[in-house]
Each structure stands twice: as structure tokens, then as C-alpha cells.
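This report describes a single protein model for a reader who works with coordinates. The sequence and the structure are shown below, and the text then moves from individual residues to strands, core and pocket.

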Amino acid sequence: MTDFAAIDFETANGRRSSVCSVGIVIVKNGEIVDRFYSLIRPRPNYYTEWTTSIHGLDHYDTDYEENFPEVWARISNRLEGLPLVAHNKPFDESCLKAVFLEYGLEYPGYEFHCTLAASRRCLKLPNHQLHTVAAACGYDLDNHHHALADAEACAAIALKLL
């Protein structure tokens, strides 16, 4: 796979629709050609201690950011014709579907691939967490749980394994 968009979401709380940041890395002909990152005002707009402890974001970071439909309007044309790749596809795909539903938007039926599943098939590792798999693929993941950093790591893994 040489043309795809790696995507990662962070959520504000236990609701999958509560995306509070998104990172996207566009890969064409095996090369990164575009990156996108944005904070998003989540819906519902509250943070749990647990999620903030993971990614460091809270309502002070996102209260004045755009809602998902406004952010997605700046993303969707970049994704045209590209499959999406995520590390733990069930999470990121369900977030995308949930936030589309939350805003009453028609879900476009994106094709998703999973680097977590690919790593379990291809690599013998003590675990298959993003930072572990990224390191095994020669990528040094700094700033884990920042949506763009995680999308970049996912892109590096996808270029090695998919």
C-alpha cells in the first residue's frame, strides 16, 4: 500500500463521539505529502480525568475550537479516493462513525485498514501497542497520544507492513 491516509483520534471522555483532536498523514507513492492536525470542541463537551491523563487535553484546550463538522470540512477533500489506516482500526473507525452520527452527517463509508492487526500477523513482539510496533518498524514515536504524532507513527508502520 503506497497511497493512504493514516488517521488518529483522541477523545475527551468515554463516548466515541467526543473526539477532541485529530491527526492525519497523507501518503502518496510511499511518501508523506501532507499532514493535518486540529483540536476539536468535543461533543459531549466534558473531559474525564482518565482521558486527560492519557493525552493531556482538557476543556481549556478545546472550548473555543471548531466543532467536528467545521474541522472535517477542511479534511474530507484531502482523503478523497484514499483508504484510511489506523492503529487499532475498531477504535478510530468507531469514533469517526460516532461523530458523524452525533452531528447527523451521512457517513461516506471510508475503507479502513489496521496496522495493529497487521503487526499481530507480521511481528513477534511482547505487545503490539503503537509505540512498540513503531520502534520495531524503525520509527521513534515521540509525544505518544498526540493525534498527529500517532498518525505519523501509524503511517510509518503501514509503509512497512501493509
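Is Pro44 buried or exposed? Pro44 is buried, because its relative accessible area is 19% and buried means under 20%, with exposed over 50% and partly exposed in between (1.4 Å probe, protein chains only). The model is a predicted one, in which local features need pLDDT of at least 70 and side-chain atom pairs count only at pLDDT 80 or more, while totals for chains, interfaces and linings use all residues. Residues are numbered from 1 along each chain as its sequence is written, and side-chain values use heavy atoms, with hydrogens and water left out.

**Pro44 and its surroundings**

Pro44 sits in the loop between β3 (31–39) and α1; helices (H or I, at least four residues) and strands (E, at least two) are DSSP runs, numbered from the N terminus. The peptide bond that joins Arg43 and Pro44 is cis, with omega about 5°. Beyond its neighbours within four places in sequence, Pro44 is in contact (heavy atoms within 4.5 Å) with Asn13, Arg15, Ser17 and Ser18. With Asn13, the separation is 31 residues in sequence and 8.3 Å in space, C-alpha to C-alpha.

**Residues outside the strands**

The table gives the location and relative accessible area of three loop residues and one helix residue.

| Residue | Location | Relative accessible area |
|---|---|---|
| Pro44 | loop between β3 and α1 | 19%, buried |
| Asn29 | loop between β2 and β3 | 65%, exposed |
| Asn88 | loop between β4 and α4 | 30%, partly exposed |
| Cys122 | helix α5 | 47%, partly exposed |

Asn29 has a positive phi near 55° although it is not a glycine. This residue belongs to the hairpin of β2 and β3, which has 2 residues between the strands. Asn88, also not a glycine, has a positive phi of about 85°. Cys122 lies 39 residues from Leu161 in sequence, and the two are 7.4 Å apart in space, C-alpha to C-alpha.

**Strand pairing**

Two strands are said to pair if DSSP finds at least two bridges between them. β1 pairs with β2 in the antiparallel sense over 8 bridges, and with β4 in the parallel sense over 2 bridges. Ala6 illustrates both pairings: its bridge partner in β2 is Val25, and in β4 it stands opposite Val85. On the other pairing of β2, the antiparallel one with β3 over 8 bridges, Val25 stands opposite Arg35.

β1 is mostly covered, with 8 of its 8 residues buried. Phe4, Ala6, Asp8 and Glu10 lie on one side, and Ala5, Ile7, Phe9 and Thr11 on the other; both faces are covered.

**The nonpolar core**

A nonpolar core is a set of buried Ala, Val, Leu, Ile, Met, Phe, Trp, Tyr and Cys residues joined through side-chain atoms within 4.5 Å. The largest one here has 24 residues, and those with the most contacts inside it are Ile7, Val22, Ile24, Phe68, Trp72, Leu79 and Leu96. Two or more residues of this core come from each of β1, β2 (19–28), α3 (68–79), β4 (84–86) and α4. The greatest share is that of α3, with 5 residues. Setting aside residues up to four places away in sequence, Trp72 touches Ile7, Phe9, Ile24, Leu79, Leu96, Phe100 and Tyr110.

**The largest pocket**

On a 1 Å grid over the protein atoms alone, a pocket is an open set of points where a 1.4 Å probe fits, with protein on both sides within 12 Å along at least five of seven lines, and lining residues have an atom within 4 Å of a point. Grid points are joined across faces, edges and corners, and a volume is the space filled by probe spheres set on the points. The largest pocket holds about 600 Å³ of space. Its lining has 27 residues, of which Glu10, His87, Asn88, Phe91 and His145 are the closest to the centre. Elements that give two or more residues to the lining are β1 (4–11), α1 (49–55), α4 (89–102), α5 (115–122), α6 (130–136) and α7 (147–161). β1 gives the most, with 5 residues.

The lining divides into 8 nonpolar, 12 polar and 7 charged residues. In this division Ala, Val, Leu, Ile, Met, Phe, Trp, Tyr, Cys and Pro count as nonpolar, Asp, Glu, Lys and Arg as charged, and the others, Gly among them, as polar.
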